[in-house]
Amino acid sequence: MATSQNLLQPKQTTGGIVTKIFSKQIVIPLIALMALVLFNLIADPSFFHITLKETNDGYNVLAGNIISVIDYGSELAILAIGMTLVTSSSGGQDISVGATIAIAGSVVMRVLCGENSAPTELQSSIIVAFIVAVIVSMLFGAFNGVLVAYFKIQPMVATLIMFTAGRSIAGWINENKIMNISPECSREFAYFGNNIPGIPVPTPVFIAAACMIIIALVLKFTNLRLYSQSVGINPNSSKLNGINPQTVKLITYVILGVCVAVAGFIKVSRLSTINYSTIGKDIEMDVILAVALGGNPLGGGKFNITASIIGAYVIQMLTTTLTKYDVKSTEIPAYKAIVVIILVVVSAPVVRQKMTQLKKKLTASKVGKEVS
Amino acid sequence: MEKSSLLEMRGICKYFPNVRALEQVDFTLREGEIHALMGENGAGKSTLIKVLTGVYPKDGGEIRLSGKHVSIRSPQDAQNAGISTVYQEITLCPNLTVAENMFIGRTKGQLTNWKKINTHAGELLDSLGIPALPQQQLGSCSIAVQQMVAIARAVDMECKVLILDEPTSSLDEQEVEKLFKLMLSLKKKGVGIIFVTHFLEQVYEVCDRITVLRDGQLVGEYIIEDLPRVKLVSKMLGKELDDMADIKSDADTAKIDYSSTPVYEAQKLAGTTGIKPFDFAIRKGEVNGFTGLLGSGRSECVRAIYGADKVTGGIVKMDGKQINITKPLDAMKHGIFYLAEDRKRDGIVGDLSVRENIILALQVLKGFFRPISRAQAEAFADEYIKLLKIKTASSDTPIKSLSGGNQQKVILARWLLANPIYLILDEPTRGIDIGTKIEIQKLVLKLAAEGKSVTFISSEIDEMLRTCSRLIVMRDGRVVGELSGEDLTQNKIMATIAGGES
Amino acid sequence: MKKLVKMLVSSAVVASMAIGLSACSAGGGTGSTQAPTQAAPTEGTTAAAQTEAPVDTGDGLIKVGIINNDPNESGYRTANDRDMKATFTEENGYEASFFYSLKNEDQIAAAQKFIQDEVDYLLISAAGTSGWDSVLQDAKNAGIKVILFDRTIDADESLYEASIVSDMAKEGQTAVDWLASQGLSEYNIIHIQGVMGSSAQIGRSGALDTKVAAEANWNIITQQTGNWSAEEAQQIVQAQIDAGKKFNVIYAENDDMAKGAVQALDKAGISHGVGKDVIIIGFDCNKWALQELLAGNWNYDGQCNPFQASYINDIIKNGAKQKTVIMEEKGFDASKITQADVDQYGI
């Protein structure tokens, strides 16, 4: 017994390094990303071609599938930031982000268009519209947050309220009109969802990058990470350590509200119009999936925003890949479901336990052979 | 004697990995008897009950019911044999009616004649004097009545042995009285009742006999008249009355100037957790303690001091100046820290690293916008890992993978790092190895020598005697005595805990 | 008690948001391009169902009970509701009560109530097709005439006076005929469908599918559902462009999706509209879409007529000539559309 243990020792350390790498959270989305990249490289390397194209407005912009991924993935990445925090602190997810995007987008359009569904000039500056949308979104985030933190309603149930009512509220903000900002009215408005003339990289990419930098700074210069994780892991203990779990939860929901406003702003800018019944539809599922794919425990606690963001781009890449191969968009959710199944199964404690047992058995039998 | 015995358990053994939960325990219950099963936490009370009700298979011994050998492999077996249990937590369905609750899962066949059942339930409730109507929704009854309905359900299942596991812990005094009446009427009907509780008063009120367990072993079976309270306490705690080894040296106590202004003082402090308003004070360099049996309110008192539970009244002063503590952060800002009783639930933040657990309190005190740098945090963590000899792979290791004793040291490090003026340690030594226990005791004395004030709570009296210069004794949510100097002896403490005669 | 508090808090939050919003939008302009005939007030309806009490104005008026879907459902429904409200007014000799719900059961219950209120006419745009038989029988027994609009139901024809509907297949056929008349040598089509299984999708897809199957020079480059969403359409077209596919027609089954497609084209520098590389076809005749036509950015927009009120009015005043009335629906060609058309038909 003693000899076999001695023999085991060096093996375990080399095995230990591998285990250590694989236990790093960020590995999960990276593996998924690599799998997708590999698939596309083999199936059709043109997926990675990037070209410079001239738009109808006469500007040069970058084009190609990869550009599409990082462009359309922007909203997902931004929302994944907020969703990760919400998940960490409250141990649940906000399923109302699609509906609140409709609200945020409607607010932007309403402030810009005023009473007129197709104005000839903007009724206020774009920055004002954006700020109003942020404030409104924060309020709705706070609404969800209060239900979760103070009334202790399960996050999914609490946010079901806005999930149900959000699009009606959005329609009501717009007085059920389809608002439309034509290029004649404002060229600038479309810049945020498309390209700024002369800059070939789509603007949403910059906005997403800005959000990532901001959250990185927030996490560096505040205790948001420590507080949110503590509250998510052990609210009792957090309370006895002077943290107010309710406030922390509320803050994360308000932050998600800001993310929703930014994402909604990009979305309306992309098309310069809003249809509150279809904008951001089912995006909450993609966002939650991104958080899960990032390896974050959906029951709260530890989190890794970088992993979530990579997860978001993986989801978008999956969507773009599937669209490229003409998979019907009605079938795309089925493929995403497969990803979910794999994720859930791999991260299930039972499976992990089985895996470690299997590994132990393998090493043990190997060692046994060596001894004999 | 043997003839009237209803239940006999002989030589019961039960082992868990590394733990000897029950070793050769005998237990006898007679017809029409209320028999208290006593012992401190971990004595083996609940294990014995679980063996009896078939939750755990026994590793040795024999169970006889009315003289006949029975084998109980599942709760269902126990029920069929006439052994019913009513647990502390109500295990009935509050959204069903009283009658439905009494008969659920017991009706045979597809058809159920609810009318008949309601009548039957009504008769039964009447005969037991339970103030509930069969068609009333259970949730609308008081907890005591719900408890009684659970008993009625058990009784109706032709039970011969009724086990009441801490039935009174969520009841008020009148409700307890009602429950006792019911128990006495059942007793008259010949039912044998096993009563598990930690309330001494209640034991002496209704019980006929007491069986005391300690560390998984039988201490003895006693007729209630033969065992005065103080003796019971000494049996439970495992200290002979005359074991008067006085460990505490008077040297430390002498240094404390009791005429000085207390570091912390509370007057008529009251909370919502069932303790009576109490006065308390601690001085610089003093180590004092709250003692009493489990559930006597000692944790609730210190939680009230810390603002962990809602405080409803009282005046709190630090260094003579009145302050306001309504939440833990208030206490923390005044340098009062609290190491909670339940380490898993209230202490560690399991998935976070040892480092994060150590800096948590200091970090909260510094504020949300002033995070401690990674390098600084590592320095703090390493310092305290060395100082308290915390055994961990690195400061990055999640705290949950540490042993209990090391987890406790991490929590201690957390509070020490925050530089306490007054430190409250609630059961800091529970469930940890002897070596670490002694380290912690030494640490407490060292802190006091450095001029800090410490309140130390422990279930082990000799531990408190070793560390505390003054003891506040609690019983049933009340402060019933304060002992210091000459009075700090096991005998005196036990007598005060037991109260009543003696 | 706790529940009540929760409700109060939540409504307070919503209310405070509402105040904030209206304050924000108060600075907006007042220059409205809304057609005056459609200026009937639209209530802010957050709830899915609501009733409006009939105005008791004495005798001589025709009492109608109107059961409709929630006007928040779509721009089409909003226009439809506005049209109904503008037609069934006191000036036109009506006393109208409205009920809105997206739930069939609620609608049936409302119909029951209107029967008790002894209305003269029951106008129904049913949320679901089944379950109406008994209530319609009750109406018939009570001597109340029923007119269905926009949507049909599975009930015996004798139970209602008339049904006024759009013919989605015809809308599609008109568009496809128009496309064929453009005389391109080759048709390479990106077909963006609506929510699969909806009547509009089935009708509009059907005509195109038949034509593509019949003609050798009509090819479908891709056929995907955009779920009525501009974003999804944009991504579908983007993926086709990224993949280097060549196409010269975008057949989008509503205006939103056409707009999304155009956005992708603009980005890729592909010209579209009258006399350009890609023909753009949309449906529904939103006002902004018709303006795109007028500007020559799009080529064709098929109408889905939401204005059934005048047909109903005609039936009530002059009697029904046939059971199923198919509304006239236009298709607009960018080269022929006028500002007057935009004003009149834009919704």
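Reader: What distance separates the centres of domain 1 of chain C and domain 2 of chain C, taken over C-alpha atoms?
Author: It's 34 Å between those two centres. Keep in mind that this is a predicted model: local features need pLDDT of at least 70, side-chain atom pairs count only at pLDDT 80 or more, and totals for chains, interfaces and linings use all residues. Residues are numbered from 1 along each chain as its sequence is written, while chains are lettered from A and ligands numbered from 1 in the order in which they are written.

Reader: What makes these stretches of chain C domains?
Author: Domain bounds come from an automatic or database domain assignment. For chain C that assignment gives 45-160 as domain 1 and 168-304 + 335-345 as domain 2.

Reader: Where in chain C is confidence lowest, and where is it highest?
Author: The score is pLDDT, the predictor's confidence in each residue, from 0 to 100. Strand β1 (residues 50-51) of chain C sits lowest at a mean of 44, and strand β9 (residues 249-252) of chain C tops out at 96. Residues 12-57 of chain C are below 50, yet that stretch has 66 contacts in the model beyond near neighbours in sequence. For chain C overall, the mean is 82, with 82% of residues at 70 or more.

Reader: What makes two residues count as a contact between chain A and chain C?
Author: Their C-beta atoms, placed from the backbone, must lie within 7 Å. On that rule, chain A brings 52 residues and chain C brings 53. α6(A) gives the most to chain A's side, six residues. The complex itself gets an ipTM of 0.83 and a pTM of 0.75 from the predictor.

Reader: Why is α15 of chain B called a helix, and what span is expected?
Author: A helix is a DSSP run of H or I with at least four residues (a strand is E, at least two), numbered from the N terminus. α15(B), residues 404-417, has 14 residues, so the label fits. The expected span is 1.5 Å times one less than the number of residues. α15(B) reaches 20 Å from first C-alpha to last, close to the 20 Å expected.

Reader: How do you know whether α15(B) is covered or open?
Author: A residue is buried if 20 or more other C-beta atoms lie within 10 Å of its own, exposed if 12 or fewer, partly exposed in between, with C-beta atoms placed from the backbone. In α15(B), 13 of 14 residues are buried, so "mostly covered" is fair. Just after α15(B), B:N419 takes a positive phi of about 60 degrees.
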